[in-house]
Structure formats: C-alpha cells, structure tokens
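User: Hi! I am new to this structure and would like to know why its parts are labelled as they are. Could you take me through it?

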Amino acid sequence: MKTFGSLAAVALGAAVGLLSGCGSTAVNSVEPAQSSAQRAMLSDKCVFNDRSLAKAVRVLGINTATDQGGFLKIQIEVQNTTRSRKLFTYRIEWFDEHGILISLPTTVATPRSLEGRDLADITATAPTAKAKDFRIQFLEPVS
Amino acid sequence: MKSTLTSAALAATALIVGCSSPKTTYVEPGSSRLVTNVDQINIQDFAQAADTMVNSLIDNLINPGQLKSGVPDQPALLAISRIQNNTGTQLDTDLLVKKMRVALLRTGKVQTSTTIAYGGAEDPLMAEEEKNNQFFNDKPKRRPDYTLSGKIIEDRTRAGNVRQSAFVFQLSLSSRDGIGVWEDEKTIVKQGSRPTVGF
C-alpha cells in the first residue's frame, strides 16, 4: 500500500512537471553587466485603463534620440511580467511642436507577443522632423 | 408575483437588447479590432509593412543624410518600379506602396513621380503635358533619382490543426547607377487553428 502511495506521488509529480513544462515559456537572457551605450531615458507618464495588461506588460523605460536629420527616435523597453506568453498590440501616435496629431496611413496597432518574463525593445522613428512628441498605447488584442 | 415576473422579463429583454452589438460598425483602421485572416494579407498587415519600411528608409537613408537629390535644394525624386505579387492571392500592391509614398512625402525629403512608373504613368494627362512641354519648350524632363522595386512572397505551412502563413515584403531602392542603396525585408507570420482568426 505504501509502495502504491509513493508511486502515485511520483506519477503526480511527473504530471505536474510535464504540465508546467509545456505551459511555461519563460525566457532566459544574458547581456553585458556594464552597458557601453549611453541612454537618454525619458520620464514617462502612464495612464492605466487596462490594469491586467499593465500588470502583464510593464514599461521599463523610454529612450529617445534625435539624429542629424532631426527625426526623433524612440525605444520603449517592455517586459512580460507573467510566466506565460502574452499577446498585445501597441500604437504610436506622433505630435508636432504644437501638440497636434500627425495623421498617417501607416499608423497601425502593431501586434506583438512576448514569452514569459521576456524583455523587448519597441523602436520607432518619427515620420517627419516636425514630430516633437509621441504617445504609445498598449491594447489587448481583440478576437 | 405576476408583476414581479413581468418586470424581470422586461429587464432581461432590455439587457439583451442593450448589450447586443449592432451587425455593422465602423472601426478605426489603426485599431486592434480589425478582422484578421491566416490565409491572406489584411489591411493592417500592409500598414504594418509600410510603417516598417518607411521607418527603415528614414533610419538608414534619410536621417543620416545619404539621400541625394539630382536638383539642389529639392527633395529626391522617386519612381515606382515593379512590385511583384508572388502570393497566391490577387492583390493591389498600392495598398503597400501608396502608404509608403504618403509617409515619404510627409518627411519633406522625397517626392514621387506620377508620370514615370513601371507599367505606365499613374497620371497619363500630366505625362502628355510633360511630352508637349518637352517638345515645344525643349525643357528636359527631370529623371528620377531613385526607383523602388520589390516583391511580396507567401509561405504556407500546417502542423496538425495549426495553420501558418508567412508573408514576406521585400523592397529595394536603386540609384541612377542601378545600385541598391537601401534594401529591407519585413516578414509577417500568422497562425491559427481555423482559416479565420481574430487578433
């Protein structure tokens, strides 16, 4: 009877291990301890209307740069704080120096997926040198 | 008892009518509510590819100041060459190219010729006018500084119930010397268990 009990425990453990192995898609990563790149990090203002998405996909920082042509470049570092794959879309809107939205036919809600605990950098370049400001919106995919 | 039941039935009906969505609605083309199919390139895929390509052009050619114009102080002139559709579906490549043209024009660094293009002028009337102008005024026609060519390729595969379609957008910008001064590729991969899925 005791043997049966231990066998059942081993089987249960194996099943749990197998299930968690299949479900978990967490990512391991490595990078230099001292980064040689100089980042100009921007303080951000977040408005969370979708708490669950904000909790799952966290913005770690926003890095900006302007090259010689005067086009603003942005890089948003995001992390999936959950242990499973997360689907989301993001949309970047650009504004001129007066805060007026620059409308373009290429504005799109770009789909993105992140494996568990994965980090990703979303990069974008302003469509015109007139763009001085931006807003990034994160949305849950709608099925 | 009867009045309570009637009230409950009315409330339930109101709730159902109130919650049921209309059959047809307008959606923003840049929203995440657009219909997505595994088997075909959707409108948002073209926008995504165009956005990536324009970003790449700005980053690699326009922003570093490598885009050269044949006429000083004028934007570079671009002509659209062949954009080949190698997918199994008939599609209008202007869904990609026009978006890029609009975005490139907004940069202030690029203009597109409407009279010089692969397969014929986009604006035939202006092409005629240009011919007349050349003939009567002996004014040389401005030649394009760059041409844009490319290909859209499709790859489909299936494993069990999971269907996968990959759409590859390849674009090249050639200078007057016939040298590819910019090239990029954007791959959009879609998976689904049914032919139609939402994202």
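Analyst: Happily! A polar contact is a pair of N or O atoms within 3.5 Å; within protein, one must be able to donate a hydrogen and the other to accept it, and residues adjacent in sequence count only if both atoms are side-chain atoms. By that rule, seven residue pairs are in polar contact across the interface of chain B and chain A, both residues being at pLDDT 80 or more. This is a predicted model, in which local features need pLDDT of at least 70 and side-chain atom pairs count only at pLDDT 80 or more, while totals for chains, interfaces and linings use all residues. Residues are numbered from 1 along each chain as its sequence is written, chains are lettered from A and ligands numbered from 1 in the order in which they are written, and side-chain values use heavy atoms, with hydrogens and water left out.

User: What makes K73(A) and D59(B) a salt bridge?

Analyst: The term asks for a side-chain nitrogen of Lys or Arg within 4 Å of a carboxyl oxygen of Asp or Glu. The closest N and O atoms of K73(A) and D59(B) are 4.0 Å apart, so the pair is called a salt bridge. The count between chain B and chain A is one salt bridge.

User: How many residues of each chain are in contact?

Analyst: Contact means heavy atoms within 4.5 Å, and 24 residues of chain B are in contact with 30 residues of chain A.

User: Why is D73(B) called exposed?

Analyst: Exposed means over 50% relative accessible area, buried under 20%, and partly exposed in between (1.4 Å probe, protein chains only). D73(B) has 79% relative accessibility, so it counts as exposed. D73(B) lies in the loop between α2 and β1 of chain B, where helices (H or I, at least four residues) and strands (E, at least two) are DSSP runs, numbered from the N terminus. Its phi is near 60 degrees, a positive value in a residue other than glycine.

User: And what makes R117(A) partly exposed?

Analyst: R117(A) is at 40% relative accessibility, so it counts as partly exposed. R117(A) is found in the loop between β6 (110-114) and β7 (119-125) of chain A, and its phi, near 65 degrees, is positive.

User: Which residues touch the most other members of the largest nonpolar core?

Analyst: A nonpolar core is a set of buried Ala, Val, Leu, Ile, Met, Phe, Trp, Tyr and Cys residues joined through side-chain atoms within 4.5 Å. Among the 33 residues of the largest one, M100(B), F169(B) and L173(B) touch the most other members.
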